Structures are given as C-alpha cells and as structure tokens.
Amino acid sequence: KNLKLDMLSKEVSKLRVQISEKERELTLVYHALSNAAKIGDAKKVQSTIYDIYKLHVLKEKDSKRLNNNNNDSISSHAKRKNNSSNNSSDNDPEDQMVTAIVDVDISCVTESVRQRDYMEKTVHGLKRAFEIADKKLRGKAQKSVRENAFLIQECNRLRKESLAQQHRARDTEEKLRELKRQLEKSQIEINSRHGSR
C-alpha cells in the first residue's frame, strides 16, 4: 500500500512538473506573440512568427531566442527564404507549412493595417467634411441673425412711422372738423346778415 502511494505521489509530482513546464511554455509563447504584435514591419512580423513556430512548435533548440532586436532573425529568415527559393527541391515540408502560415499571417496583418489606414483616412475626411459643413451652417446662421436684426429694426421704424402718420391723420381730421365748424359758423353768420337786410 505504501509502495502504491509512493508511486502515485511520484506520478503526481511528475504531472505537476509537466503542467508547470507547459504553463511556462504558454507564457513564453504569449509574450513572444505579444511582442510580435507590436512590430510594425511585415517582414519582421513574419520572421518573428517563424522563429516562434520553430522554437515552440518544432522545438528546435538551436533556434534563436526572441528579443527586442529582431534584426538577426530577420536576416537569417531572409537567408533561409532565399536558400529555400534556390533549393526548392530540398525544402522541408514543415518549413513550407511554416512559411505558408507566416505568409497568411502577414497578409492578414497587412490587410488589417490597410483597412485601419483606410478607416483613419475616412474618419479624417468625414471630420473635415463636418467642419466645412459646420462652418457653412454657422455662416448661414450668422447671416440670418443679421438679416433678422435688420428686419426687426425696419419693422420698428415702420411701426413708428405708422404711428406718426396716424397722429398726423388725426390732427388733420381734427383741423378739418374745426375748419368745417368755422365754415358753418361763417355761413350762418353770412346767412343771418343777408337775412337781416
């Protein structure tokens, strides 16, 4: 029974070691991919992903470690690519598969960069169009405000003129009535003078 427990505990400890190694490996892959995602140049991304594949999937121990300066891996990948294009019959199927995967990834990255650039240009164009339309709208609004102010002033002036004309008309009517009364009085006086003679 003790022997069985010892074997099981050894097996559990082996499994724990394997799990911790796998977790460490996953962390390394995660960090390597995160660093590769930050690279802007498509060729650098391609060579970095190729190195990640060789290091973590093919388990090539002589593959160069990834670091912040990827120039060595880029040149080595470029040399490998040139050699593979010259010696296409000597190509390893796994190398061809890796190159195809990396080429697909690079085309995806290139396409996403192209789409992002297009979206940025479109957004910039829309912002400019909005600013131009906004300026025109503000200009029209200011023009209509000025026109409205002028029309209000004109209406006020015409209202004052109309009131003045109404006062003059009343005064004129009043004078006319007064003159009529005076005319009637003078006619009555004339008639009464003629009648008394």
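Start with burial across the whole chain: 14% of the 197 residues of the protein count as buried. Buried here means under 20% relative accessible area, exposed over 50%, and partly exposed in between (1.4 Å probe, protein chains only). The model is predicted, so local features need pLDDT of at least 70 and side-chain atom pairs count only at pLDDT 80 or more, while totals for chains, interfaces and linings use all residues. Residues are numbered from 1 along each chain as its sequence is written, and side-chain values use heavy atoms, with hydrogens and water left out.

**Stop 1: the whole chain**

Colour by secondary structure. The protein has four helices and zero strands. Its pattern along the sequence is α-α-α-α. Helices (H or I, at least four residues) and strands (E, at least two) are DSSP runs, numbered from the N terminus. Now switch to contacts, meaning heavy atoms within 4.5 Å. Take those in the protein with a separation of 6 or more: 59% of them join residues 24 or more positions apart.

**Stop 2: helix H1**

Select residues 2–37, which form H1. Place a distance between its end C-alpha atoms: they are 52 Å apart. That agrees with the 52 Å that its 36 residues should span at 1.5 Å a residue. The expected span is 1.5 Å times one less than the number of residues. Show Glu25, Val29, Ala32 and Ala36; these are buried in H1. Where do the buried residues of H1 pack? They pack against H2.

**Stop 3: helix H2**

Move to residues 42–56, helix H2. Its 15 residues should span 21 Å, and its end C-alpha atoms are indeed 21 Å apart. H2 is mostly covered, with 12 of its 15 residues buried. Select Val45 through His56 to see them; Gln46, Asp51 and Lys54 are among the buried residues.

**Stop 4: the H1–H2 contact**

Keep both helices on screen. Two packed helices are described by the angle between their axes and the distance between the axes. The axes of H1 and H2 come within 10 Å and cross at roughly 170 degrees. Axes are lines fitted to C-alpha atoms, for helices over the stretch in contact, and angles run from 0 to 180 degrees between N-to-C directions. H1 and H2 are therefore roughly antiparallel to each other. The cut-offs are under 35 degrees for roughly parallel, over 145 for roughly antiparallel, 65 to 115 for roughly perpendicular and oblique for the rest.

Show side chains on each side of the contact:

- From H1, take Glu25, Leu28, Val29, Ala32, Leu33 and Ala36.
- From H2, take Val45, Thr48, Ile52 and His56.

By class, this contact has seven nonpolar, two polar and one charged residues. Ala, Val, Leu, Ile, Met, Phe, Trp, Tyr, Cys and Pro count as nonpolar, Asp, Glu, Lys and Arg as charged, and the others, Gly among them, as polar.

**Stop 5: salt bridges in helix H4**

Jump to residues 93–196, helix H4. Side chains of opposite charge can pair when their charged atoms come close. A salt bridge is a side-chain nitrogen of Lys or Arg within 4 Å of a carboxyl oxygen of Asp or Glu. The whole structure holds eight salt bridges.

Centre on Arg157. Its side chain meets Glu154 at 2.2 Å, N to O, and Glu161 at 2.5 Å, N to O. Glu154 sits three residues from Arg157, whereas Glu161 sits four residues from Arg157. Relative accessible area is 25% for Glu154, 38% for Arg157 and 39% for Glu161. Each residue counts as partly exposed.

Next, select Arg177 and Glu173. Their closest N and O atoms are 3.8 Å apart. Arg177 and Glu173 are four residues apart in H4, so about one helical turn separates them. Both are partly exposed, Arg177 at 42% and Glu173 at 44%. Finish at Arg116, Asp117 and Glu120, joined into one network by salt bridges that share partners.
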